[in-house]
Amino acid sequence: MQILISGAGIGGPALAHWLGRHGHLPTVVELAPALRAGGQPVDFRGPAHLTVLRRMGLLDELHRLDTGGNPMTFTDRHGRVQLRLPADFAGGEVEIPRGELAQLLHRHSESTTEYLFGNTVTALRQDDRGVRVAFRYGPERRFDLVIGADGLHSRIRALAFGPERDYVRHLGYYAATWQLPNRLGLPAGSTGINTPGRLAAAGADPRDPERAGAFLLFASPQLDHDRHDTDALKSLLQQRFADLGRPVPHLLESLRDADDLYFDSISRADVPSWSNGRIALLGDAACGATIGGMGTGTALVAAYVLATELARADGDHRTAFARYERTVRPYAERCQRGGDRTGPFLAPRTAAGLRARNALLGRRWILDRMLELGKDVATLELPEPV
């Protein structure tokens with residue numbers, strides 16, 4: 001089948017990889033002009049993640065690229081350490097920079113996939129024989145199926161299911177990341193200044209100590225802003241964090257020249273049905289959480305299940321979409337709940353909340369129990385390969 005996938009992040013290329021294996025002809029369309037480099041490390045934990053990576057033939061390579069995880073240190077505004085979290089708490093069983101994972105998935109899918117960068121879908125019209133797709137650039141084309149793997153702000157979901165406000169809920173925080181030269185000699189890991197409702201953190205790249213990554217998070221009601229206006233977003237961050245001490249002034253100065261700023265709300269998507277005729281959603285577009293909901297691993301699992309069910313159903317998309325959602329939805333929703341707690345965990349809104357979090361997570365047995373629960377959540381009985 002000719003299958004269009006919107007989004008060349010993680011879920012899209014992973015799905016293209018599996019569809020190509022099954023003899024389909026995937027096309028991936030991506031608004032960005034190229035794969036997005038950089039980004040925060042993403043981790044995998046639990047048998048479902050590792051089984052899918054092994055079946056893709058990627059697990060050994062990921063282990064070679066593994067960062068080893070990053071320890072996290074939280075300080076007050078005077079630099080006094082309040083809490084240390086070990087590398088395995090945030091790093092899972094294998095961790096890799098998001099940009100490197102995207103490149104790896106692209107390499108493993110490009111021989112059987114048509115990639116269209118710098119373009120996007122503008123209209124969808126489906127009938128019994130397929131879906132007519134209009135693009136911003138180029139002529140209309142017909143596809144047998146269309147899959148929206150284009151994230152929390154999915155274009156496919158907006159066109160085929162309804163406006164974003166019907167499905168995406170703001171969870172009370174915003175987050176930003178970017179890369180910068182490590183002129184301050186920051187150590188590896190993440191060290192952050194924590195004040196009520198705010199976190200400003202930075203750490204050296206584990207493989208390139210000359211580079212560092214910045215991470216800012218703050219509590220806020222939903223803002224009326226243009227998430228594509230980079231200059232306005234940089235100004236907003238400058239205002240929100242201008243009063244914090246070293247190394248925050250250096251981070252904010254580096255922000256002026258940053259060309260890889262990621263800024264978004266911490267939100268979650270909940271879509272009652274993941275398919276509409278010949279159009280289906282995958283990953284964050286269907287059941288997303290911006291940070292902390294194991295979204296990357298869920299997208300890889302969902303891509304495997306969707307492609308496998310299409311193969312099992314011999315292309316009967318109605319049967320395949322129903323089986324796919326029935327298998328993945330309960331698993332994705334369990335993982336997604338972690339994203340609800342990310343903002344309050346990283347930046348409790350009150351001084352009392354900060355003290356309570358620090359006291360609780362300062363006990364190693366509690367951390368171990370949380371890691372065990374995370375693995376339990378990420379457990380799913382996967383369909384056998386076809």
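A cavity here is a set of grid points where a 1.4 Å probe fits but cannot get out. The model on screen is predicted, and the tour starts with its enclosed spaces.

**Stop 1: the largest cavity**

The count comes to two cavities of 30 Å³ or more, and the largest has a volume of about 90 Å³. Select Gly 283, Cys 287, Gly 288, Thr 298 and Ala 332: of the 13 lining residues, these are the closest to the centre of the largest cavity. Then colour helix H9 (284-287), helix H10 (295-312) and helix H11 (317-340), the elements that give two or more residues to this lining. By class, the lining has six nonpolar, six polar and one charged residues.

**Stop 2: the second largest cavity**

The second largest cavity holds about 40 Å³ of space. To display its lining, select Arg 36, Ala 37, Gly 38, Gly 39, Thr 177, Trp 178, Gln 179, Asp 260 and Tyr 262. Strand E12 (residues 168-181) gives the most to this lining, with three residues. Three of the lining residues are nonpolar, four are polar and two are charged.

**Stop 3: the second largest pocket**

Keep E12 selected and add strand E16 (262-269); each supplies at least two residues to the lining of the second largest pocket. The share from E12, four residues, is the largest. About 290 Å³ of space lies in this pocket. Of its 16 lining residues, pick out His 153, Glu 164, Gln 222, Arg 227 and Ser 265, which lie nearest the centre. The lining of the second largest pocket divides by class into three nonpolar, seven polar and six charged residues.

**Stop 4: the six-stranded sheet**

Next, show the open sheet whose six strands follow the order E7-E2-E1-E11-E18-E17, with mixed pairing. Its edges are strand E7 (114-117) and strand E17 (275-276), each of which pairs on one side only. At the E17 edge, select strand E18 (residues 279-281) as well: two bridges join E17 to E18, and the two run antiparallel. Ser 275 has Ala 280 in E18 as its bridge partner.

**Stop 5: strands E8, E9 and E10**

Select strand E9 (residues 130-135), where five of the six residues are buried. E9 has an antiparallel partner in strand E8 (residues 121-127), with six bridges between them. A hairpin of two residues links E8 to E9, and Asp 127 stands opposite Gly 130 in E9. Now add strand E10 (residues 141-143), which is joined to E9 by three bridges and runs antiparallel to E9. Within that pairing, Val 131 has Phe 143 in E10 as its bridge partner. The hairpin of E9 and E10 has five residues between the strands, and Gly 138 in this hairpin takes a positive phi near 95°.

**Stop 6: helix H5**

Move to helix H5 (residues 98-109) and place a distance label between its end C-alpha atoms. They are 17 Å apart, which agrees with the 16 Å that its twelve residues should span at 1.5 Å a residue. Colour the buried residues of H5: Arg 98, Gly 99, Leu 101, Ala 102, Leu 104, Leu 105, His 106 and Ser 109. An α-helix has 3.6 residues a turn, so residues three or four places apart point the same way.

**Stop 7: two backbone exceptions**

Most residues other than glycine have a negative phi, and most peptide bonds are trans. Two places in the loops are worth checking against this.

Select Arg 246 and Pro 247, which are joined by a cis peptide bond with omega of about 5°. Pro 247 is in the loop between helix H7 (230-241) and helix H8 (248-255).

Then go to Asp 314, in the loop between H10 and H11. Asp 314 is not a glycine, yet its phi is positive, at about 55°. Is Asp 314 buried or exposed? Its relative accessibility is 72%, so Asp 314 counts as exposed, the cut-off for exposed being over 50%.

**Stop 8: His 317**

Finish in helix H11, where His 317 lies. His 317 is buried, because its relative accessible area is 6% and the limit for buried is under 20%. Which residues does His 317 contact, leaving aside its neighbours within four places in sequence? Select Leu 145, Gly 277, Arg 278 and Leu 310 to show these contacts of His 317.

Key: Residues are numbered from 1 along each chain as its sequence is written. This is a predicted model: local features need pLDDT of at least 70, side-chain atom pairs count only at pLDDT 80 or more; totals for chains, interfaces and linings use all residues. Side-chain values use heavy atoms; hydrogens and water are left out. On a 1 Å grid over the protein atoms alone, a cavity is a set of points where a 1.4 Å probe fits but cannot get out, and a pocket is an open set with protein on both sides within 12 Å along at least five of seven lines; lining residues have an atom within 4 Å of a point. Grid points are joined across faces, edges and corners, and a volume is the space filled by probe spheres set on the points. Ala, Val, Leu, Ile, Met, Phe, Trp, Tyr, Cys and Pro count as nonpolar, Asp, Glu, Lys and Arg as charged, and the others, Gly among them, as polar. The expected span of a helix is 1.5 Å times one less than its number of residues. Buried means under 20% relative accessible area, exposed over 50%, partly exposed in between (1.4 Å probe, protein chains only). Two strands pair if DSSP finds at least two bridges between them. Contact means heavy atoms within 4.5 Å.
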